[in-house]
Amino acid sequence: MGEKLVSLNDVTFKYEGQDRNAVDCVSFDVYKGEWLAIVGHNGSGKSTLAKLLNGLQFAESGSITINDIELSEATVWDARKKVGMVFQNPDNQFVGTTVQDDVAFGLENLGVQHQMMVERVQNALNKVQMDQFLNQEPHHLSGGQKQRVAIAGVLALQPDIIILDEATSMLDPRGREEVLHTVRELKDENILTVISITHDLEEAAKADRIIVMNQGLLYRQGTPDEIFQLEGELVELGLDIPFSVKLGKALREQGLNLADSHLTEEELVKDLCELNSRM
Amino acid sequence: MRIELQDVEYRYQMNTPFESLAIHDVNIEINPGSYVAIIGHTGSGKSTLLQHLNALIKPTKGRVIIGERTIESGRKEKQLRPIRQKVGIVFQFPEHQLFEETVEKDICFGPVNFGIPKEEAKIRARKALKQVGLAEEILEKSPFDLSGGQMRRVAIAGMLAMQPEVLVLDEPTAGLDPRGRKEIMDMFYQLHKEQGMTTVLVTHSMEDAARYADEIVIMHQGTVYQKGTPFEIFSQPEQLMELGLDVPDTVRVQLKLQKELGVRFDHPCLSIEDLALEVKRVMERGSR
Amino acid sequence: MLDKMIFGRYVPLDSLVHRMDPRSKLLLVFFFVCIVFLANNLITYGILAVFTLALIALSKIPARFLFNGLKPILFLILFTLLLHILFTKEGDVIYDFGFIEIYEGGLRQGLYISFRFTLLILVTSLLTLTTSPISITDGLEQLLGPLKKWKMPVHELALMMSISLRFIPTLMEETEKIMKAQTARGVDFTSGPIKERVKSIVPLLVPLFVSSFKRAEELAIAMEARGYRGGEGRTKYRQLSWHAVDTLLLCTLAVLTILLLLFRSY
């Protein structure tokens, strides 16, 4: 695996007035250029992790290191330049009155010079294919378009990491596909390392690595292949399994001689073809 | 109760420069005891359509027949409350409508508005709470102290306590995690099966439509593109995919297999088990 | 609802007035409000009227928009007129109805004041009709900039204004949604006795407040995550550009003032 970009060491966090730790002694690393999915049911601590990574909350014990800088109140503003975040509700993170104003918001905060700002706004909007909507007002955009603008706002700041905090959960299927497609392109162009917090297991299946959270604890981590071996365990945690995994299982139960697990339909269909030609 | 839409058209902001056509030439029947799914993209007109089902809006052309009542364009309608009691709509993110100090008061709000005595409403509240799978202890809590999933259930209980004859659900599981989604959908299905609740489900999810509905209505660009049983609808999946609509995972895989294996399936499979069986059968037949 | 509110609504057109710097337009309105009080006879009012009409013509705004804007205030204008006619007792008596006497001075005063009122409204609505709200906000922020020295939270106020502008349509949509949801639960917002209707506001307002607070909280978090830490050291994406026309406008205003001073009667 590539170089370590982020490391968490025994991070613990508790919300005021709650008995249980929202995040309990969690340690993991994030590597440059990967797509890491963090999954778990509501209240498993996955969203708290996102807030900790961006310095919106601080760990009670343990440490978070981003690019060799340990996250603390003193370094948080530098850390935020490295870690961009897209939140769940497309409406409640749109600050500007128009698309270009919104993308520029983060740049204004950093005091970027005007000429540079114009360039970066334009580039960022090109990357998410929203450059045709410069002067559009947010209430004329679809949810997926708003989230792409939010991604452009992150891109304009040229961070190393983007965190998607359930960024697709309020979108319709088309919007979800738009957003994931955009992020995947950015990842493939090596522009960003992606941490995606989600309960969409189809999305997680396409990640490089998955972390499963449960009750504030890191339950498992591994490649999608490894994680989806857990099948029943995942369902018990309130999660789902990708369709191709479920179908593969059903086919094996019918006595078809299939290899263990398939993360995508394409793989499954391919294997079935091979099997068919051998029959 | 039966609901019928005849040649319904609706335009927003009629007679202003901002006028826009939302739906047109819509003809649908919803028969008592049926489970109808309405499917389409955002902007296909399904949200506008659903507001006609309990006269929240009046067609600008055509007529809507709801039980004994007929809502027609150009006619003033009074006394719409009885219609709204009989046709309950659970809107998207229904937890946004909660406002009372306690869960009990909020659930009773609807029934009391429709003239149900307080005591009776309280009994209904308890029953509805049980239906949505919440414990009675939360009756005295403030709805704003609950988790998102619990708030959703309370809001749904508020609609069930009205004891409507038709239940209209607009994306009732949006934003929930997989377990919550399944529990809510199963709860509505149980209600439909056990009490014969007429159910209209507006959704993006082809999976849900295929699994639960007896009839599917596909909305496209403001009008009904196709309607029929899930079997009928999904036996021509290519058509739907051309519109950019999803088909259930099972149907999509089936289509891929047909292409790659060069085999034909007898019918569209709507469940994983069925598909696994069919795949096995088709492959064995092919090898002979 | 929105389509009836013409007053103060931005009409995006391409005209000289639209292209002007919001700062010069704001200054214009400010000074116009002051110098309008210099006029006190036919000639001076005439000069002001010509100036206003010239601006309207340059803005290409259809007259009907402006007059629609006047409608809601028509009552106020007529009321002022009537008040002066009835109660100002100056000059000769023109009419005597016995119980009431109308003086020439009263009539003149009344007419002048209503006319002044009309001019003020026309010029201010011209500002909002030709300048997008966000430009007005930018203009205000820049004009008031020097006040920061005296601890005036100019940047914060401007940000508040722009965020409010951004969220107005969102909240309107939300209001409509909640109204529909509560109507489905048996609330009647449109008919019934007043007492019932007032009561029906509660199920609308509470959810609206709750969601607005939630929005505000989430927005604050999102802003912080994007590096917002107050106005200090911030640059501006929107740049205002002052053109020759803007200077010309202010010069015209100066000439106008001189003319008014010359022609007003003492």
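**Close-up 1. Chain C meets chain B.** Welcome to this predicted model, where we begin with the area buried between chain C and chain B, about 1700 Å², of which carbon and sulfur atoms give 63%. On the chain C side, C:Lys180, C:Ala184 and C:Arg185 are good residues to find, as this trio supplies 42% of the area that chain C buries against chain B, more than any other three residues. The contact itself draws on 17 residues of chain C and 23 residues of chain B.

**Close-up 2. A salt bridge and polar contacts between chain C and chain B.** How many salt bridges does the rule find across the interface of chain C and chain B? There is one salt bridge, and its partners are B:Asp106 and C:Arg185, with the closest N and O atoms 3.0 Å apart. You have already met C:Arg185 as one of the three residues that supply 42% of the area chain C buries against chain B. Six residue pairs in polar contact also span this interface, both members at pLDDT 80 or more.

**Close-up 3. The chain C side of the interface with chain B.** Two helices of chain C, α7 (154–184) and α9 (202–225), each supply at least two residues of the side that touches chain B. The largest share of that side, six residues, comes from α7(C). Sorted by class, the residues of chain C on this side are nine nonpolar, three polar and five charged.

**Close-up 4. The two domains of chain A.** Let us now turn to chain A, which is divided into domain 1 (4–231) and domain 2 (242–279). Taken over C-alpha atoms, the centres of these domains of chain A are separated by 34 Å. Where the two meet, domain 1 of chain A gives eight residues to the contact and domain 2 of chain A gives seven residues. Together they bury about 710 Å², with carbon and sulfur atoms giving 60% of that area. Within domain 1 of chain A, the residues that lose the most area to domain 2 are A:Glu202, A:Phe228 and A:Glu231, together 54% of what that side buries.

**Close-up 5. A:Glu231 and its surroundings in chain A.** Which residue forms a salt bridge with A:Glu231? The partner is A:Lys249, and the closest N and O atoms are 3.8 Å apart. The rule finds one salt bridge across this domain interface of chain A, and the count of residue pairs in polar contact is one as well, with both residues at pLDDT 80 or more. Helices α7 (201–205) and α8 (224–228) of chain A are the elements that give two or more residues to the side of domain 1 that touches domain 2. That side of domain 1 of chain A has four nonpolar, one polar and three charged residues.

**Close-up 6. The two domains of chain B.** The domain assignment of chain B gives domain 1 (3–247) and domain 2 (248–288). Their contact takes 11 residues from domain 1 of chain B and eight residues from domain 2 of chain B. About 810 would be a wrong guess for the buried area here: the value is about 910 Å², of which carbon and sulfur atoms give 78%. The rule finds zero salt bridges across this domain interface of chain B, while two residue pairs are in polar contact, both at pLDDT 80 or more. Three helices of chain B, α7 (206–212), α8 (230–234) and α9 (237–242), each supply at least two residues of the side of domain 1 that touches domain 2. The residues on that side of domain 1 of chain B divide into eight nonpolar, one polar and two charged.

How values were computed:
Residues are numbered from 1 along each chain as its sequence is written. Chains are lettered from A and ligands numbered from 1 in the order in which they are written. This is a predicted model: local features need pLDDT of at least 70, side-chain atom pairs count only at pLDDT 80 or more; totals for chains, interfaces and linings use all residues. Side-chain values use heavy atoms; hydrogens and water are left out. Domain bounds come from an automatic or database domain assignment. Contact means heavy atoms within 4.5 Å. Buried area is the accessible area (1.4 Å probe) that two parts lose on being put together, summed over both. A salt bridge is a side-chain nitrogen of Lys or Arg within 4 Å of a carboxyl oxygen of Asp or Glu. A polar contact is a pair of N or O atoms within 3.5 Å; within protein, one must be able to donate a hydrogen and the other to accept it, and residues adjacent in sequence count only if both atoms are side-chain atoms. Helices (H or I, at least four residues) and strands (E, at least two) are DSSP runs, numbered from the N terminus. Ala, Val, Leu, Ile, Met, Phe, Trp, Tyr, Cys and Pro count as nonpolar, Asp, Glu, Lys and Arg as charged, and the others, Gly among them, as polar.
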